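Got the viewer open? Grab your mouse and let's take a short walk, one selection at a time.

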Amino acid sequence: SLLAEQYFSSVKNRNLDALCALYVADAILVLPDGRELCGVEAIREMYRGLFATQAPSPKPINVVVGATSVAAELEIHLPNGMVRRTANFFHLDGEGLIKRLSIYARNS
């Protein structure tokens, strides 16, 4: 999926503008702890804080593409050597932008 490639590339390169351009204005991001961020500005602030403290390097393992959704299983390699496993579920609008992204973390 082109969207998934752009998303993971933007995260890896810590490119806030490119990342936020993939979301609709009133998008919802559901974090692994259950918090929901509403709107692209709240999402931008979360990524800004994340990028300031970490340099995540997501590596998609499996990507399944549907008509209006993308599911991706990831390994996220952190600078401290830890590896996190997550599943990202992207729900897209008619233009192919993210209207909802749910991120689930697998406990090791």
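Here is a tour of one helix and the aromatic rings around it. Keep in mind that you're looking at a predicted model.

**Stop 1: the helix.** Select residues 2-12, which make up helix α1. Now colour Leu3, Ala4, Tyr7, Phe8, Ser10 and Val11: these residues of α1 are buried. Turn the view until you look straight down the axis of α1. The buried residues fall within an arc of 160°, so they line one face of the helix. Why does that work with residues scattered along the sequence? An α-helix has 3.6 residues a turn, so residues three or four places apart point the same way. Then swing round to the other side of α1, where Leu2 and Glu5 are exposed.

**Stop 2: just past the helix.** Click on Arg14, just after α1: its phi is positive, at about 50°.

**Stop 3: the rings.** Go back to Tyr7 and show side chains. By the ring-pairing rule, the count comes to six aromatic pairs. One of them joins Tyr7 and Phe8, edge-to-face, with 5.2 Å from centre to centre and 80° between the planes. Both of these residues are buried.

Next, add Phe90. Tyr7 pairs with Phe90 edge-to-face too, at 5.1 Å centre to centre and 80° between the planes. This pair links distant parts of the chain: Tyr7 sits in α1 and Phe90 in strand β5 (residues 83-92), 83 residues apart. Tyr7 and Phe90 are both buried.

**Last stop: the whole group.** Which residues share a cluster with Tyr7? Select Phe8, Tyr47, Phe51 and Phe90 along with Tyr7, and you have one aromatic cluster on screen.

How values were computed:
Residues numbered from 1 in each chain as written. Predicted model: local features only at pLDDT ≥ 70, side-chain atom pairs only at ≥ 80, totals over all residues. Heavy atoms only, no water. Phe/Tyr/Trp six-rings, centres within 6.5 Å; stacked < 30°, edge-to-face > 60°. Buried < 20%, exposed > 50% of the residue type's maximum accessible area, 1.4 Å probe, protein only. Helix = DSSP H or I, 4+ residues; strand = E, 2+ residues; numbered from the N terminus. Arc of directions from axis to C-beta.
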